[in-house]
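Colleague: Could you take me slowly through one part of this model, the region where the strands pair with one another? I am new to this, so please name each piece again as you come to it.

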Amino acid sequence: MSPRQKMINLMYIVLTAMLALNVSSDVLNGFSLVEGGLVRTNENVSDRNTALYLKLEDFTKKNPQKGRVWYEKATDVRLKTMKLYAYIDSLKLAIVKDVDGENADVENIVEKDNLEASSKIMITYRNGVKLKAKMAEYSKYISQFVTDTAKCRTIVKALSTEPIVLKDSQMVRVPWEIGMFENMPVVAAVTLLTKIQNDVLFAEGEALSALLTNVDANDVRVNQMEAFVIPNSRLVMRGGKYSADIVLAAVDTTQRPAIYINGQRLAPNVRTYEVGTGKVGNFNYTGYLEVVRGDGTTAKYDFKSDYTVIEPMATVSATMMNVLYAGINNPISIAVPGVAQNAISATMTNGTLTRNGDSWSAHPTKVGAECVITVTATMDGRAQTVATTSFRVRKLPDPMPYIAYKDSKGNEMRYKGSKPFAKTLLLATDGIEAAIDDDLLNVQYRVISFETVVFDSMGNAIPETSDGSKFSERQKNSFRRLSRGKRFYISRVKAVGPDGITRDLAPMEVIVN
């Protein structure tokens, strides 16, 4: 199916889906926009069809004996198409006149949402049945000119008037005219008829193209002939297979050329050169094609090409760091040049390796031991190990404690000490948190406990214990007594990370502002 036809079908599906909604003015205006787009498309397709017809007409003037029969058929195709197109135009006008009166304008519909006119004109007056018969007759007529079976099926499907399955039902089928036009808003009915006109023009275009092609169906007309070598890849891994197509441009399909490579002829009707690759290096080969001309003489066309065989290889790298950290998922990139991702698999020691699409994640378990990632690629139906890469596993570094707060703009901020911190912000916070956030790792830790040390007016240290990760009430009371410029310390911070290890974190100095 051509991209144009896919687009038209998609628009038709969208239109049908929109009918399931309550018909609002926005929806009706949407139909008007689609109608305008279809009208412009029909104009473009009609211009293309006219160009094909004029080309056939011009050829017939230059060579009447050869082109007349095809030109006469094309003329008949044009006349039948215009007749059907005009009939559909008359149906659109009749529907619009039924709601807008004798001065109705199809391009400027007033009563767009009327649900009775299309049913009356197309069903009650049986114009839908007449249109269905004309469509079936036109489909049968136009299909005889299209010899390509795939294109012929597309035309038949586009012009089909088979019964329609009702919405939300796989069993109830209604006649085509009822499924298309019953209780259909006027603007939607007009748009559907314009879409049918588009299908008719599409079928006409395919028929005219086929007729124009048939003019030279028995000729072989080329102005240049060259030999081409088309390899699947110039880069081949050892153990794989080099494959290349040897083709002659504009070759006569009734007579294949003879192909010689390095003095040896390929088997008849074989156009692919394949050779095993047992060692690495650069390899060249030459050959020629022999083609028998119409007068019985032979033409020879030389060619040459080369390919490179390399050792199996792969790239395995940690995208987040040069080592792997235990207890977390480490992003890993795995790729094999020339091999699709779905043909690559990998395993890992000392942990688990998981895959999500083309991305990988390594989760090591034991600190101090190496992780070995083994990559396997499937080439020519055979699995082959292409790389083995080792990584050192380290323990996650200690996190930094911080006090989370929001600035005046509502942005999330982290206070890590050693500079003034507003007392109001301090009293508004619940406690402290801990994390590694050094732009390389972003790992959150859970604070278990901590202690604050406040100095009284005599210089005596007054320690207070937290309530888990939260400030205790005694700690908050001590904060309230602090004056501007005073400082206290958060120490003995204990936190546990995703690796399950409990850590003692460095103390933090808080200066009250």
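Modeller: What follows begins with the whole chain and then turns to the strands and their partners.

Please keep in mind that this is a predicted model, with a mean pLDDT of 85 for the chain and 86% of the residues reaching 70 or more. Confidence is highest in strand β25, residues 487-496, at a mean of 95, and lowest in helix α1, residues 3-18, at 62. The chain has 513 residues, of which 41% count as buried, and its secondary structure comes to ten helices and 27 strands. Among the contacts with a separation of 6 or more, 61% are between residues 24 or more positions apart.

Now to the part you asked about. Strands of a sheet pair through backbone hydrogen bonds, and the pairing can be parallel or antiparallel. One open sheet here is made of four strands in the order β12-β18-β17-β14, and its pairing is mixed. The edges of this sheet are β12, residues 324-325, and β14, residues 344-348; each has a single partner strand, so one side of each is left without a neighbour in the sheet. If we follow β14 inward, we find that five bridges join it to strand β17, residues 370-379, and that the two run antiparallel. Within this pair, I344 stands opposite A377 of β17.

A further set of pairings involves strand β16, residues 359-364, which is joined to strand β13, residues 330-335, by three bridges in an antiparallel arrangement. Here P331 stands opposite S361 of β16. Strand β16 is also paired with strand β15, residues 351-356, through six bridges, and these two strands again run antiparallel. You can find one place where they meet by looking for T352, whose bridge partner in β16 is H363. Strands β15 and β16 form a hairpin with two residues between them, and in this hairpin G357 takes a positive phi near 70 degrees.

For contrast with the strands, you might finish with a residue in a helix, namely K195, which is found in helix α8, residues 186-214. K195 has a relative accessible area of 9%, and because the cut-off for buried is under 20%, K195 counts as buried. Its side chain makes a polar contact with the side chain of D199, at 2.7 Å.

How values were computed: Residues are numbered from 1 along each chain as its sequence is written. This is a predicted model: local features need pLDDT of at least 70, side-chain atom pairs count only at pLDDT 80 or more; totals for chains, interfaces and linings use all residues. Side-chain values use heavy atoms; hydrogens and water are left out. Buried means under 20% relative accessible area, exposed over 50%, partly exposed in between (1.4 Å probe, protein chains only). Contact means heavy atoms within 4.5 Å. Two strands pair if DSSP finds at least two bridges between them. pLDDT is the predictor's confidence in each residue, from 0 to 100. A polar contact is a pair of N or O atoms within 3.5 Å; within protein, one must be able to donate a hydrogen and the other to accept it, and residues adjacent in sequence count only if both atoms are side-chain atoms.
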